[in-house]
Amino acid sequence: CCTRPAKLGCAFETICEVCGFFQTTIAFRDTLQAQHDDAVGKGQDGRAELFANLLDSPAARATG
């Protein structure tokens, strides 16, 4: 989920996870986990760490 104001535009459409405006919620936990697992399977340690950090965020851990 992007929280960047639309009037600012965005040149980073494919790297949202490293953008300061990127936010996530518990609704995306399964997707984030799948992306993490894919990165681990491909030996992409930096990418796996990024998703691990997102999974550890309070918003992604919320239970409702």
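Which residue follows α1, and what is the sign of its phi? In this predicted model, α1 is followed by G43, whose phi is positive, near 70 degrees.

Helix α1 itself covers residues 29-41, and its 13 residues reach 18 Å from the first C-alpha to the last, which is close to the 18 Å expected at 1.5 Å a residue. Its buried residues, L32, H36 and A39, fall within an arc of 65 degrees when α1 is seen down its axis, so they line one face of the helix. An α-helix has 3.6 residues a turn, so residues three or four places apart point the same way. On the other side of α1, D30 and G41 are exposed, whereas the buried residues of α1 pack against α2 (45-55) and α3 (58-61).

In α2, the buried residues are A48, F51, L54 and L55; seen down the axis of α2, they fall within an arc of 120 degrees, so they too line one face of their helix. D45, G46 and E49 lie exposed on the other side of α2, and the buried residues of α2 pack against α1 and α3.

The two helices can be set side by side as follows.

| Helix | Buried residues | Arc of buried residues |
|---|---|---|
| α1 | L32, H36, A39 | 65 degrees |
| α2 | A48, F51, L54, L55 | 120 degrees |

A further residue of α1 is Q35, which is partly exposed because its relative accessible area is 24%, a value between the 20% limit for buried and the 50% limit for exposed. Although Q35 and A48 are 13 residues apart in sequence, their C-alpha atoms are 7.9 Å apart in space.

Methods: Residues are numbered from 1 along each chain as its sequence is written. This is a predicted model: local features need pLDDT of at least 70, side-chain atom pairs count only at pLDDT 80 or more; totals for chains, interfaces and linings use all residues. Side-chain values use heavy atoms; hydrogens and water are left out. Helices (H or I, at least four residues) and strands (E, at least two) are DSSP runs, numbered from the N terminus. The expected span of a helix is 1.5 Å times one less than its number of residues. Buried means under 20% relative accessible area, exposed over 50%, partly exposed in between (1.4 Å probe, protein chains only). The arc is that of the directions from the helix axis to the C-beta atoms. Contact means heavy atoms within 4.5 Å.
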